[in-house]
Amino acid sequence: PAPGEFPWGVAAMGTLLEQVAAFCMSKDFEDDWHAFAKQHWRVFVGVDPATEQPQECNDAYILYLKTFEARLEEFISSQNGSSEEFRQQAAHALQELPPNDPRRYFVCVLLSTTQYPMFAKLMQGEVRRHEVLAE
């Protein structure tokens with residue numbers, strides 16, 4: 001899909017939720033993630049997800065949350081939206097839309113990325129990616 005489009009074809013118009021979803025799937029947002037991961041992946045080298053995580057991993061997680069929450073807030077503001085409006089639309093998507101609706105799916109994915117286990121999994125993927133590149 002082109003930047004600014006859902007993979008399922010919904011253009012980056014419409015509700016604030018749809019605009020945020022398109023933004024989160026954009027090349028710019030992806031580039032931001034890769035820049036963050038490039039700076040912090042080494043913290044996760046040798047970390048066993050089944051054991052207690054070092055404080056440095058938690059520090060990276062907190063920085064990740066702050067960084068990407070600020071990025072989303074900035075985008076929402078640029079669309080003349082508010083955090084409250086976004087939260088209301090996200091809640092509606094979770095509570096009222098069918099499980100296979102792409103807006104509901106997006107909210108579920110977005111929420112999962114705010115949880116430490118998913119963040120750690122993403123960072124472990126970055127560790128593997130860098131290890132492969134080093135070979």
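Trainee: What covers the buried residues of α4?

Mentor: In this predicted model, the cover over the buried residues of α4 includes α1 (16-24), α3 and α5 (102-112).

Trainee: And which residues of α4 are buried?

Mentor: The buried ones in α4 are Ser83, Phe86, Gln89, Ala90 and Ala93. Looking down the axis of α4, you find its buried residues within an arc of 130°, so they line one face of the helix.

Trainee: What about the other side of α4, which residues are exposed there?

Mentor: On that other side, Gln95 and Glu96 are exposed.

Trainee: How many residues does α4 have, and how far does it reach?

Mentor: It has 14 residues, and from the first C-alpha of α4 to its last the reach is 19 Å, which is close to the 20 Å expected at 1.5 Å a residue.

Trainee: Changing topic to charges, how many salt bridges are there?

Mentor: The count comes to seven salt bridges, and one of them belongs to the helix we were just discussing, since Arg87 pairs with Glu84 there, with their closest N and O atoms 3.8 Å apart. Both Arg87 and Glu84 lie in helix α4 (residues 83-96), where they are three residues apart, about one turn of the helix.

Trainee: Are Arg87 and Glu84 buried or exposed?

Mentor: Neither label fits, because Arg87 has 49% relative accessibility and counts as partly exposed, while Glu84, at 43%, also counts as partly exposed.

Trainee: OK, and which residue does Asp32 form a salt bridge with?

Mentor: Asp32 forms a salt bridge with Arg71, and the closest N and O atoms of that pair are 2.3 Å apart. Asp32 sits in helix α2 (residues 27-40) and Arg71 in helix α3 (residues 55-78), so this pair ties together parts that are 39 residues apart in sequence.

Trainee: How accessible are Asp32 and Arg71?

Mentor: Asp32 is partly exposed, its relative accessible area being 25%, and Arg71 is partly exposed as well, with a relative accessible area of 21%.

Trainee: Last one, what do the side chains of Arg103 and Asp101 do?

Mentor: They meet in a salt bridge, at 2.7 Å from N to O. Salt bridges with shared partners also bring in Glu18, so that Glu18, Asp101 and Arg103 are joined into one network.

Trainee: Is Asp101 buried or exposed, and what about Arg103?

Mentor: Asp101 counts as buried, at 12% relative accessibility, because the cut-off for buried is under 20%, whereas Arg103, at 27%, counts as partly exposed.

Definitions and conventions: Residues are numbered from 1 along each chain as its sequence is written. This is a predicted model: local features need pLDDT of at least 70, side-chain atom pairs count only at pLDDT 80 or more; totals for chains, interfaces and linings use all residues. Side-chain values use heavy atoms; hydrogens and water are left out. A salt bridge is a side-chain nitrogen of Lys or Arg within 4 Å of a carboxyl oxygen of Asp or Glu. Helices (H or I, at least four residues) and strands (E, at least two) are DSSP runs, numbered from the N terminus. Buried means under 20% relative accessible area, exposed over 50%, partly exposed in between (1.4 Å probe, protein chains only). The expected span of a helix is 1.5 Å times one less than its number of residues. The arc is that of the directions from the helix axis to the C-beta atoms. Contact means heavy atoms within 4.5 Å.
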